[in-house]
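Q: Hey, I've got a new protein to look at and I'm not sure how to read it. Can you walk me through it?

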Amino acid sequence: MENQKFIIDTAQSNIDWVGKKVTGAHNGTIAIKAGNIIFNDDKIIGGDFIIDTTSINILDITDPDTNVQFLGHLISDDFFGAEQFQEANLVISTVTGNRIGADLTIKGITHPINFDAELQLKDNMVSATAKLLVDRTKYGMKFRSGNFFLNLGDTLIYNDFELNISITAKAESSC
């Protein structure tokens, strides 16, 4: 059987993020700009996703001034450096059952990442969900990390953040 490419429907797909600290957590969304998933014989064999780092949104901070201040910090060089690095990428490199191996690039820095994904292929549609745990310090996001700063107390921000991904993709012609 030949490869079949499925194009991400960005309006029907989303990424929810969660960042945790000693005193609680923050959450929000970030948009998928474009992407595809490639299947062969009803099994995923590859894919490529572009994430729009300028689309970061914070959902749990309702005070407008505080929200804007926190967002400014997230898009600053302390975190995503969104002015210079407007996109992050995830490129699937290996698939074993539901276990996905990929290269994740944030701020121009690439590291391998592994995660489990649930995929459903039906007719000309694919739906997929996955939860990724990303160590932000690997991508130059060291702000208030216990690995780099001492005596942070309750201002410490945990190194791992979660990306909860939900994707819908539609079949394209054979590739």
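A: Sure, one term before we start: contact means heavy atoms within 4.5 Å. This is a predicted model, where local features need pLDDT of at least 70, side-chain atom pairs count only at pLDDT 80 or more, and totals for chains, interfaces and linings use all residues. Residues are numbered from 1 along each chain as its sequence is written, and side-chain values use heavy atoms, with hydrogens and water left out.

Q: Cool. So what does His26 touch, leaving out residues up to four places away in sequence?
A: His26 is in contact with Trp17, Val18, Gly19, Lys21, Asp60, Ile61 and Phe70. With Asp60 there's also a side-chain polar contact of 2.7 Å. A polar contact is a pair of N or O atoms within 3.5 Å; within protein, one must be able to donate a hydrogen and the other to accept it, and residues adjacent in sequence count only if both atoms are side-chain atoms.

Q: Where does His26 sit, and is it buried or exposed?
A: His26 is part of strand β3, which covers residues 24-40. Strands (E, at least two residues) and helices (H or I, at least four) are DSSP runs, numbered from the N terminus. His26 is buried, because its relative accessible area is 16%. The cut-offs are under 20% for buried, over 50% for exposed and partly exposed in between, using a 1.4 Å probe and protein chains only.

Q: Let's zoom out. How many helices and strands does the protein have?
A: The count is 1 helix and 9 strands. Going along the sequence, the pattern reads β-β-β-β-α-β-β-β-β-β.

Q: Which strands does β5 pair with?
A: β5 (residues 87-96) is joined to β4 (residues 43-58) by 6 bridges, and these two run antiparallel. β5 also runs antiparallel to β6 (residues 99-106), with 7 bridges between them. Two strands count as paired if DSSP finds at least two bridges between them.

Q: Can you give me some matching residues?
A: Ile50 has Asn89 in β5 as its bridge partner. Thr96 stands opposite Arg99 in β6.

Q: What's going on at the turn between β5 and β6?
A: That hairpin has 2 residues between the strands, and Gly97 takes a positive phi near 65° there.

Q: New topic. How many salt bridges are there?
A: The structure has 5. A salt bridge is a side-chain nitrogen of Lys or Arg within 4 Å of a carboxyl oxygen of Asp or Glu.

Q: Show me one with Lys33?
A: Lys33 forms a salt bridge with Glu87, and their closest N and O atoms are 2.7 Å apart. Lys33 is in strand β3 and Glu87 is in strand β5, so this pair ties together parts that are 54 residues apart in sequence. Lys33 counts as partly exposed at 45% relative accessibility, and Glu87 is partly exposed too, at 36%.

Q: What about Asp9?
A: The side chain of Asp9 meets that of Lys170 in a salt bridge, 3.2 Å from N to O. These two are 161 residues apart: Asp9 is in the loop between β1 (4-8) and β2 (14-21), while Lys170 is in strand β9 (residues 157-174). Asp9 is buried, with a relative accessible area of 17%, whereas Lys170 is partly exposed at 42%.

Q: And which residue pairs up with Glu162?
A: Glu162 meets Lys20 in a salt bridge, with 3.2 Å from N to O. Since Glu162 lies in strand β9 and Lys20 in strand β2, the pair ties together parts that are 142 residues apart in sequence. Glu162 is buried at 13% relative accessible area, but Lys20 is partly exposed at 38%.

Q: Which residues are in that salt-bridge network?
A: Lys20, Lys131 and Glu162 are linked in it. Glu162's contacts beyond four places in sequence include Lys20, Lys131 and Leu132.

Q: Last one: which residues touch the most other members of the largest nonpolar core?
A: Ile106, Phe115, Leu132 and Val134 do, in a core of 39 residues. A nonpolar core is a set of buried Ala, Val, Leu, Ile, Met, Phe, Trp, Tyr and Cys residues joined through side-chain atoms within 4.5 Å. Leaving out residues up to four places away in sequence, Ile106 touches Phe80, Ala88, Val134, Tyr139, Met141 and Phe161.

Q: How much of the whole protein is buried?
A: Buried residues make up 37% of its 175 residues.
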